[in-house]
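Visitor: Could you take me closely through one part of this model, the way its helices pack against one another? I would like a connected account rather than a list.

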Amino acid sequence: MSQGEALFKAKCNTCHAVDKNSTGPLLKGVKAKWNDAGEGTLIYEWVKNSKALISGGKSKMALAIKDFSQTDMPPQQATPEEVDQILDYVNSYTPPPPPSENTSAGSPGAPVELLPDYHGNLTIFYALITLTIILLVAIILMSNSILTFVKSDLFKTKLKEKDEKDNSGGLGKLLLVIVALGTLFIPNDVLALSTADPAQGLPWLKVENADIYVMICINIVLLLVVVYLRNLFNNFYYMVYKHKEKAIKPKQSKVAKVLVDSVPIEDEASILMDHEYDGIRELDNNLPPWWVWGFYLTILFAIGYLLYFHVFNGASQETEYKNEMAKAQTEIDAYLKKAAMNVDETNVTLQTDPQALETGKSIFQANCTTCHKDGSGDIGPNLTDNFWLYGNDIKNVFGTIKNGTSNGMPEHASKLNPIQLQDVASYVLSLKYIPGKAPQGTEYPKK
């Protein structure tokens, strides 16, 4: 804050606005007007004692502006240098830009932004990239093996025989599969990676959580391609080399095969174990597939859990809970603050809380003592007696302070927020009687 701005707020802000007429006139360009009138030195006398300059009759500028307001300008203790600093500040004042609709990250009420763990994400990204390369190499090797196999004379002969036999267009299907596999290697800009400044405590590459999910999906697709190529190679291989003949067994339902993989009753003799106890023998059935895959999933989950929480220091449930609670509290505080600022003449309430009254006292001393002194009145009326010009209800006092009056009371809506207006109005109504200026207005019973 400049010296001129500080002086303006301390000495002039009560009656003068920096960018418009108020109780007092706009001060911008006023020094040039006094200089043009040949009274450049008299402006300092006007600030020190306007009444004396008017009564002396030697200043045309003083006589021209004496009727601007019904309220006389109170004497100010200011040196010529201080007056020049105040006027220079007013002349150079530019209004601040309108507030942005977007709440800044550091302002009250802004949502808590939970940044990803870029260091941990980069480590996971390296691991996924390595796995992607391994899978791509495996796909390339298996594709080359398949192409080499299908180009062999033996395979072409078998394929031709198969086509002549079942007329299924096997070669066409094979070419279609090869073309489809080739599309897997078409480059595609999937990730939105960006570099970062290490000086900000970030790794050289910013890997978002979404990038990790994309890489995981890519690796899953590539793994499925590897499995598909393996099965494709086996199918081509067994087109040339027949499976070994196996004994025909009764068919088992697909549901039973998936769930239990048990041997049919008529074939249980083939899996009887050698040991016997009291005439009871044991079957050597396989473990149920659903149990085996469930066991494998628990292993994969344990590995993922270990890496996420103990290697890459992932956020625990407690940390996530605290972050969510902090975000919710910020939203609550912002809502309460917004709701509190919706105070006007229709819903203002008289404050009795000591802290609110102390705040109102500070505001009164900074903005009202020039005209009302300690409340006993001077230029303005006595605020401690039972006589009021505009009513003694909290809504009347709030509206008077907020909007000002035609009798010289300046508006304060541009200087104070609604909560501050409510606090200072409550403080005024809490003042005890102090002898001072003669009563003005209508007498109201003391509340």
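Guide: A word on terms comes before the packing itself: axes here are lines fitted to C-alpha atoms, for helices over the stretch in contact, and angles run from 0 to 180 degrees between N-to-C directions. The model is a predicted one, and its protein chain holds 17 helices and six strands. Of the 447 residues in the protein chain, 27% are buried, and among the contacts with a separation of 6 or more, 66% are between residues 24 or more positions apart.

With those terms in hand, the close look can start at helix 1, residues 3–11, whose axis comes within 8 Å of the axis of helix 6, residues 80–91, the two crossing at roughly 100 degrees. Angles of 65 to 115 degrees count as roughly perpendicular, and helix 1 is therefore roughly perpendicular to helix 6. On the side of helix 1 the contact is made by Gln 3, Gly 4, Glu 5, Leu 7, Phe 8 and Lys 11, while helix 6 contributes Glu 82, Gln 85, Ile 86, Tyr 89 and Val 90. Sorted by class, the residues of this contact of helix 1 with helix 6 are five nonpolar, three polar and three charged.

The burial of helix 1 can be read alongside that contact. Its buried residues are Gly 4, Glu 5, Leu 7 and Phe 8. These buried residues cover an arc of only 165 degrees around the axis, and so they lie on the same side of helix 1. Helix 6 is included in what covers the buried residues of helix 1.

Another pair of helices offers a second perpendicular case, further along the chain. The axes of helix 14, residues 354–367, and helix 17, residues 418–430, come within 7 Å and cross at roughly 90 degrees, so that helix 14 and helix 17 are roughly perpendicular to each other. The contact draws on Ala 356, Leu 357, Thr 359, Gly 360, Lys 361, Ile 363 and Phe 364 of helix 14, and on Gln 420, Asp 423, Val 424, Ser 426, Tyr 427, Val 428 and Ser 430 of helix 17. The residues of the contact of helix 14 with helix 17 comprise seven nonpolar, five polar and two charged.

Ser 426 appears again in the surroundings of Ile 394, a residue placed in helix 16, residues 394–403. With a relative accessible area of 11%, Ile 394 is buried, because buried means under 20% relative accessible area. Apart from its neighbours within four places in sequence, Ile 394 is in contact with Val 348, Thr 349, Leu 350, Ala 425, Ser 426 and Leu 429. Ile 394 and Leu 429 are 35 residues apart in sequence, yet their C-alpha atoms are 7.6 Å apart in space.

A parallel pair completes the account. Helix 7, residues 118–151, and helix 10, residues 209–240, have axes that come within 9 Å and cross at roughly 20 degrees, and helix 7 and helix 10 are therefore roughly parallel to each other. The crossing of helix 7 and helix 10 is left-handed, and their contact has 26 nonpolar, six polar and one charged residues. Ala 138 lies in helix 7 and is partly exposed, with a relative accessible area of 24%. Between Ala 138 and Leu 222 there are 9.5 Å from C-alpha to C-alpha, although the two are 84 residues apart in sequence.

Notes:
Residues numbered from 1 in each chain as written. Predicted model: local features only at pLDDT ≥ 70, side-chain atom pairs only at ≥ 80, totals over all residues. Heavy atoms only, no water. Helix = DSSP H or I, 4+ residues; strand = E, 2+ residues; numbered from the N terminus. Parallel < 35°, antiparallel > 145°, perpendicular 65-115°, else oblique. Contact = heavy atoms within 4.5 Å. Nonpolar A, V, L, I, M, F, W, Y, C, P; charged D, E, K, R; others polar. Left-handed = near helix turned anticlockwise from the far one by under 90°. Buried < 20%, exposed > 50% of the residue type's maximum accessible area, 1.4 Å probe, protein only. Arc of directions from axis to C-beta.
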